[in-house]
Amino acid sequence: MKNIFLLVSGMLVTFGFSFGQQKYLSMDATGLVEYGYRDGKLDSSHVNPKVNSVYNSTKCIQYKRSAMKFDNVKIHPKGKFENLTLFATFDSTEHKIKMKVYSTSPVGTIVEIQFAKKGIDNYPKGVHSQFQAKTKKQNEWEELTFDFVNTPEGSQVESTEIDEIVILFSPNATTTNIYYFSDMTGPKLIAALKE
């Protein structure tokens, strides 16, 4: 009986990791995404402002936020996300979206990630789900863990159609802080079909 339990436990762990998560938006995962529309200024290969144990790469992504209230940057993965339903729930403790962030903004600043569909640019129609985290440090790298907030009422995006990430640094504000980020981890990508 003990051997059966160990076998089933091992299978669950294996399947969990195989289905689990993938890293993108990082210096060692190049070629997985392209950067689309943004309100501010983006440098996808900027010098790391402060190497530390949380993030020790020499390069990162820099984003200078504009003063627009809902300033955002759109990121297009090469393919669609495999399954967001495990992440878009209040029950999940295992499937979490994470991202390393260095911010000049005050502690407690909200960072929001929206999973969306390209071509439907208006909110809420084009957004499948929203996730948020608050910064706990200023001028220091930290790894943020994002909690599911909601699927906006009026969304017209199915979980199988998601092919865009929208990042909002300090949404609903007019601040012009600088953000550095990398190593976003989330649902796996299904490779785009080659034509």
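These are my notebook entries on the empty spaces, the cores and a few odd residues of a predicted model.

**Ground rules.** I number residues from 1 along each chain as its sequence is written, and side-chain values use heavy atoms, with hydrogens and water left out. Since the model is predicted, local features need pLDDT of at least 70 and side-chain atom pairs count only at pLDDT 80 or more, while totals for chains, interfaces and linings use all residues.

**Overall fold.** I counted 1 helix and 13 strands (DSSP runs numbered from the N terminus: helices are H or I with at least four residues, strands are E with at least two). The helix comes before the strands in the pattern along the sequence. The protein has 195 residues, and 45% of them are buried (buried is under 20% relative accessible area, exposed over 50%, partly exposed in between, with a 1.4 Å probe and protein chains only). I also looked at contacts (heavy atoms within 4.5 Å): among those between residues at least 6 apart in sequence, 77% join residues at least 24 apart.

**The cores.** Which residues have the most contacts inside the largest nonpolar core? They are M99, F115 and I167, in a core of 32 residues. (A nonpolar core is a set of buried Ala, Val, Leu, Ile, Met, Phe, Trp, Tyr and Cys residues joined through side-chain atoms within 4.5 Å.) Strands that each supply at least two residues of this core include β4 (59-64), β5 (73-77), β7 (97-103) and β12 (178-187). Apart from this core I found another, of 5 residues, with Y55, C60, W141 and Y180 among them. Back in the big one, I checked F115: leaving out residues up to four places away in sequence, F115 touches F81, I97, V127, F131 and M184, among others.

**Empty space.** Rolling a probe the size of a water molecule over the atoms shows where empty space is left. On a 1 Å grid over the protein atoms alone, a cavity is a set of points where a 1.4 Å probe fits but cannot get out; a pocket is an open set with protein on both sides within 12 Å along at least five of seven lines; lining residues have an atom within 4 Å of a point. Points are joined across faces, edges and corners, and a volume is the space filled by probe spheres set on them.

I got 1 cavity of 30 Å³ or more. Its volume is about 30 Å³, and its lining includes F87, H95, F131 and D147. Strand β10 (residues 141-150) gives the most to this lining, with 3 residues.

The largest pocket has a volume of about 270 Å³. Of its 17 lining residues, N72, Q114, Y123, V127 and L168 are the closest to the centre. I sorted the pocket lining into 8 nonpolar, 5 polar and 4 charged residues (Ala, Val, Leu, Ile, Met, Phe, Trp, Tyr, Cys and Pro are nonpolar; Asp, Glu, Lys and Arg are charged; the others, Gly among them, are polar).

**Odd spots.** Y123 and P124 are joined by a cis peptide bond, with omega about 10°. P124 lies in the loop between β8 and β9.

S170 has a positive phi of about 55° and is not a glycine. N172, also no glycine, has a positive phi near 65°. Buried or partly exposed? S170 is buried at 12% relative accessible area, while N172 is partly exposed at 47%.

G186 sits in strand β12 and is buried, at 0%. The C-alpha atoms of G186 and Q21 are 5.1 Å apart, though 165 residues separate them along the chain.
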